[in-house]
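Biologist: Got a minute? I'd like to go through this model with you. Can we start with the charged pairs?

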Amino acid sequence: MNPVAPFAHEALFYRDEDAFLAGTARFVTGGVDRGEPVLVAVPEASIGALRERLGDAADEVHFIDMTEAGRNPGRIIPGVLMAFSASTQRRFRMVGEPMWPGRTALEYPACVQHEALINTAFEGRQGVILCPYDATALPGHVLEDARRTHPVVIDGERRMASEWYTDQAGLADIYNVPLPPPPAGVEEHPFTVGTLAHMRKLVAAFAHWLRREQVEDLMLAVNELTTNSILHASGRGVLRMWRENDTAVCEVSDEGSGFPPSFTGLSGFGIVMVNLLCDLVRTHTSHSGTTVRVYLGR
């Protein structure tokens, strides 16, 4: 019996739609022909054309709109990639496009950290993840970071080991950058274990313009963050809240070192849940403590 190849994480640089379709279709049909479960998670605008290029093979592929499922970069690994790979015992194949034109500068550090964490999250698993990058529309520094986070880069007909591939923990730490300061006049509420229930009420009152289920999600996320401050930091912290257009922003700061690690070695289950609930989660940890900022909007 031939040995099964280990996990691979590859970047595909494309410069027009045809190059995108050629590279992804070749990758997908290779998996379908081998009987491998295949997931394609790309922006919805690309799904129709790829289905057409794949023909009958598209019926064997699971498609997801990445702009929805991966709107929060921190949601992609647990909510998309791991969820799919856990559904099978066979070698898997996935296309995941986490960075597309239109991603904001606020989201970008989380995108790089996501790509770096893939290499740890799937270490030892049997599968391949291909990450397309629009080499025409994306800035040069995005492509440079893609070379740093992917051991293999495919550019046109060339498939090569990336000379820029680097220590992923160190790269993720590079993007552990300070968050933009909150606007003036934000709500600010110090909390301790005795005031956690009151914090939930304050969040509900603050986010009154959101849909009921969104308010509940935000309350749950903030409760997880404040509870973590009580259990794993100094036993106290500060909750700040403000509105950016139709988006509710909540920030929890404490003197701790962040969420405790889980058995995956990536992050605690609590922060995974927070990422699944919110549209964006940004974290900064320094010698003075940890700040976690969550965004949830209409």
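Modeller: Sure. A search of the whole structure finds 15 salt bridges. A salt bridge here is a side-chain nitrogen of Lys or Arg within 4 Å of a carboxyl oxygen of Asp or Glu.

Biologist: Before we go on, what kind of model is this, and how are residues numbered?

Modeller: This is a predicted model: local features need pLDDT of at least 70, side-chain atom pairs count only at pLDDT 80 or more, and totals for chains, interfaces and linings use all residues. Residues are numbered from 1 along each chain as its sequence is written, and side-chain values use heavy atoms, with hydrogens and water left out.

Biologist: Fine. Which residue forms a salt bridge with Arg91?

Modeller: Glu36 does, with the closest N and O atoms 3.6 Å apart. Arg91 lies in the loop between α4 (76-85) and β4 (92-96), and Glu36 in the loop between α1 (17-33) and β2 (38-42), so the pair ties together parts that are 55 residues apart in sequence. Helices (H or I, at least four residues) and strands (E, at least two) are DSSP runs, numbered from the N terminus.

Biologist: Is Arg91 buried or exposed?

Modeller: Arg91 is buried, at 18% relative accessible area. Glu36 is buried as well, at 11%. Buried means under 20% relative accessible area, exposed over 50%, and partly exposed in between (1.4 Å probe, protein chains only).

Biologist: Why do such side chains pair at all?

Modeller: Side chains of opposite charge can pair when their charged atoms come close.

Biologist: What does Glu188 meet in a salt bridge?

Modeller: Arg240, at 3.1 Å from N to O. That pair links distant parts of the chain: Glu188 is in strand β8 (residues 187-192), Arg240 is in strand β9 (residues 236-244), and they are 52 residues apart. Glu188 is partly exposed at 46%, whereas Arg240 counts as buried at 17%.

Biologist: And Glu251, which residue does that one bridge to?

Modeller: Arg240, with the closest N and O atoms 3.1 Å apart. Glu251 sits in strand β10 (residues 247-254), 11 residues from Arg240 in strand β9. Glu251 is buried, with a relative accessible area of 3%. Shared partners join Glu188, Arg240, Glu251 and Arg293 into one salt-bridge network.

Biologist: New topic. Where is Trp242?

Modeller: Trp242 lies in strand β9. This residue is buried, at 5% relative accessible area.

Biologist: What does Trp242 touch?

Modeller: Leaving out residues up to four places away in sequence, Trp242 touches several residues, including Pro182, Pro183, Phe206, Glu251 and Arg293. Contact means heavy atoms within 4.5 Å. The C-alpha atoms of Trp242 and Val215 are separated by 14 Å, and the two are 27 residues apart along the chain.

Biologist: Now Tyr165. Where is its place?

Modeller: Tyr165 is in the loop between β7 (158-161) and α7 (168-174). Tyr165 is partly exposed, at 34%. Among the residues it touches, beyond those up to four places away in sequence, are Asn119, Arg147 and His150. The C-alpha atoms of Tyr165 and Gly270 are separated by 30 Å, with their positions 105 residues apart along the chain.

Biologist: What about Asn245? What is its phi?

Modeller: Asn245 has a positive phi of about 55°, although it is not a glycine. Most residues other than glycine have a negative phi. Asn245 is in the loop between β9 and β10, and it counts as exposed at 70% relative accessibility.

Biologist: Zoom out. How many helices and strands does the protein have?

Modeller: The protein has 10 helices and 12 strands. Of its 298 residues, 54% count as buried.

Biologist: What is the radius of gyration?

Modeller: It is 20 Å, which agrees with the value near 19 Å for a compact globule of 298 residues. The radius is taken over C-alpha atoms, and the globule rule is 2.2 Å times the number of residues to the power 0.38. The C-alpha atoms fill a box of roughly 60 × 35 × 35 Å, taken along the principal axes.

Biologist: Last one. How many contacts join residues far along the chain?

Modeller: Residues 24 or more positions apart account for 70% of the contacts with a separation of 6 or more.
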